[in-house]
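Below is a walk through one structure, from the chain as a whole down to single residues. It is best read with the coordinates open.

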Amino acid sequence: MTTMFDAPKGKFRGHERQAVWTEEPDPELSEVGPGTPCGEYLRRYWMPVAMTNQVGDLPYRLRILGEDLILFRETGEGKLGLTHLHCVHRNMSLEFGIIENGGIRCSYHGWKYGLDGTILETPCEPPASQVRERTCLGAYPVIEYKGIAFAYMGPSDTVPAFPVMDTFGDEAEDMVPYLIESPCNWLQVMENAWDPFHTVYLHTKAVRSQFIDAFAEMPMIEFFERAYGDFYTNTRRVDDFIWLRIHDKMLPSFTQNGGHFPMTDKSLYFGRNGLSRWVTPVDDTNTLVIAWRHFREGDDPRGLTNRDEVGFGTTDFYGQGPDRSYEQRQRDPGDYDAWVSQGPRNIHARENLAFSDRGVAKVRRKLRAAIRDVADGKPAPQPAVLFNNPIPTYGGDTLLRIPLQEGRDDGAILKEVAHKVAEIYMAADNLTGAERRAKIEADLEAYEATWS
Ligand code: FES
Ligand SMILES: [Fe+2]
């Protein structure tokens, strides 16, 4: 007897949708090399490029924004230098150079360069040689700060002040750097932070609770624009409490989130961020996350964090890198699997953005406008110009005891509370340090009391 198969019923439009395979990435937002509009825009900002504990007594080769570079620590005062990879004499790589007092020397014919790329010596040339006056090595200014090397790779006549955020300087906490590389375009790593709804699914409902169970509740998202950068509130009801998780988002790629494993069963006024994080493009299809994890007294009463896991290529929360088997990544995917699997360069023409993607749509709009402004010759907005350092930020958690109110719609209450809390935070922008904290705490406590 012959077995017969009926044609399966259903849409099956694979053939009709084959056009997706010919769609292309958006070059304006994704190409970062020298001379590209996005690359020029990104070069207007200080960017982290390396963890300084990786820089030993040999030149450290790296690639940033499509440029091959070396980072080295000169032997005099121990300052860091960041220069183009190739010696300008006959292009030997300076990864084989000799690090000296005040600079680096090429090992082929001995040309010595200062930290700013000036040619200091050309020992094989006759004493009267003027060759060193004619050119220089490409070099970039570097700032070393709490274990991270930051570089400015833009025009030399517009070096901005380094923006120190209010969350950077607290001596009472540990700030532990980490760096993780992803084989994909920078934008998909950056956009993950503008996508608050993936927390509900990827981190909580998809397989298991990767952080805390309370993330399963769909958040109410409200955006707040500041003179420089935005923040948004993720507001959720957790029993008798309203929990606001607040995220800072500053273009081009700086973000600060809430605490990593916040407690959701008692009031918390102006808890602060679990990390301060940048996304630095290596080139169009490789990206670094460089961040500090913040460890503060009292932030982790359940002992879920582990500073020993934070460092080069690793951090102490799930799914940030390739440090799992393929099977584990399939069974329990994390952020890294989301952004890397979008492809080497995500193709926006293939996406179908929806209501929950308004953060992603917003950041693309803002980024495109900023890239075009720089291309039109306008200065890139710099946070350190708009504020006196340190720059006020908002990232962290607030929990207020506000039980369900009889006869009132809880969604309306969540929205009202989100706006009031944001207003309280913003009203203290002109204060710094303990003074700012004291005002925000007192105002939040007083506001919470109005609900009891
Ligand atoms: S190639 Fe570097 S000194 Fe000649
Ligand atoms: Fe995530």
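Two strands are taken as paired if DSSP finds at least two bridges between them. The model is predicted, and the pairings named below are computed from its atoms. Gln256, for instance, stands opposite Ser276 in β17.

The whole chain comes before its parts. It holds 11 helices and 19 strands. Its radius of gyration is 25 Å, close to the 22 Å that the globule rule gives for 452 residues, so the chain is as compact as a globular protein of that length. Along the principal axes, the C-alpha atoms fill a box of roughly 90 × 85 × 45 Å. Of the 452 residues, 39% count as buried. Among contacts between residues at least 6 apart in sequence, 61% join residues that are at least 24 apart.

A convenient place to start is the strand that holds Ser276. β17 covers residues 275-283, and 8 of its 9 residues are buried, so this strand is largely enclosed by the rest of the structure. Which strands pair with β17? One of them is β16 (residues 254-256), which runs antiparallel to β17 and is joined to it by 2 bridges. The Gln256 and Ser276 pair belongs to this contact between strands. Another is β18 (residues 286-295), which pairs with β17 in the antiparallel sense over 8 bridges. Here Ser276 has Trp292 of β18 as its bridge partner. Ser276 is thus matched with Gln256 and with Trp292. β17 and β18 form a hairpin, with 2 residues between the strands.

Another set of strands forms an open sheet. Its 3 strands come in the order β1-β11-β10, with antiparallel pairing. β1 (46-51) and β10 (142-145) stand at the edges, and each has a single partner strand, so one side of each is left without a neighbour in the sheet. On average, neighbouring strands of this sheet are turned by 30° against each other, direction ignored. Between β10 and β11 (residues 148-152), the antiparallel pairing runs over 4 bridges. Within that pairing, Glu144 has Ala149 of β11 as its bridge partner. In general, strands of a sheet pair through backbone hydrogen bonds, in either a parallel or an antiparallel manner.

Among the helices, α10 can be followed in some detail. This helix spans residues 410-426, 17 in number, and reaches 24 Å from its first C-alpha to its last, close to the 24 Å expected at 1.5 Å a residue. Its buried residues are Leu414, Val417, Ala418, Val421, Ala422, Ile424 and Tyr425. These cover an arc of only 155° around the axis, which puts them on the same side of α10. The face turned away from that buried side carries the exposed residues Ala412 and Glu423. What lies over the buried residues? The cover includes the strands β13 (220-225), β14 (230-238), β15 (241-250) and β19 (396-401), together with helix α11 (433-449).

Helix α11 also contains Ala442. Is Ala442 buried, exposed or partly exposed? A residue counts as buried at 20 or more other C-beta atoms within 10 Å and as exposed at 12 or fewer. Ala442 has 13 within 10 Å, so it is partly exposed. The C-alpha atoms of Ala442 and Tyr269 are separated by 8.5 Å, although the two are 173 residues apart along the chain.

Note on methods:
Residues numbered from 1 in each chain as written. Chains lettered and ligands numbered in written order. Predicted model: local features only at pLDDT ≥ 70, side-chain atom pairs only at ≥ 80, totals over all residues. Axes fitted to C-alpha atoms, helices over the stretch in contact; angles between N-to-C directions. Expected span 1.5 Å × (residues − 1). Arc of directions from axis to C-beta. Contact = placed C-beta atoms within 7 Å. Rg over C-alpha atoms; globule rule 2.2 N^0.38 Å.
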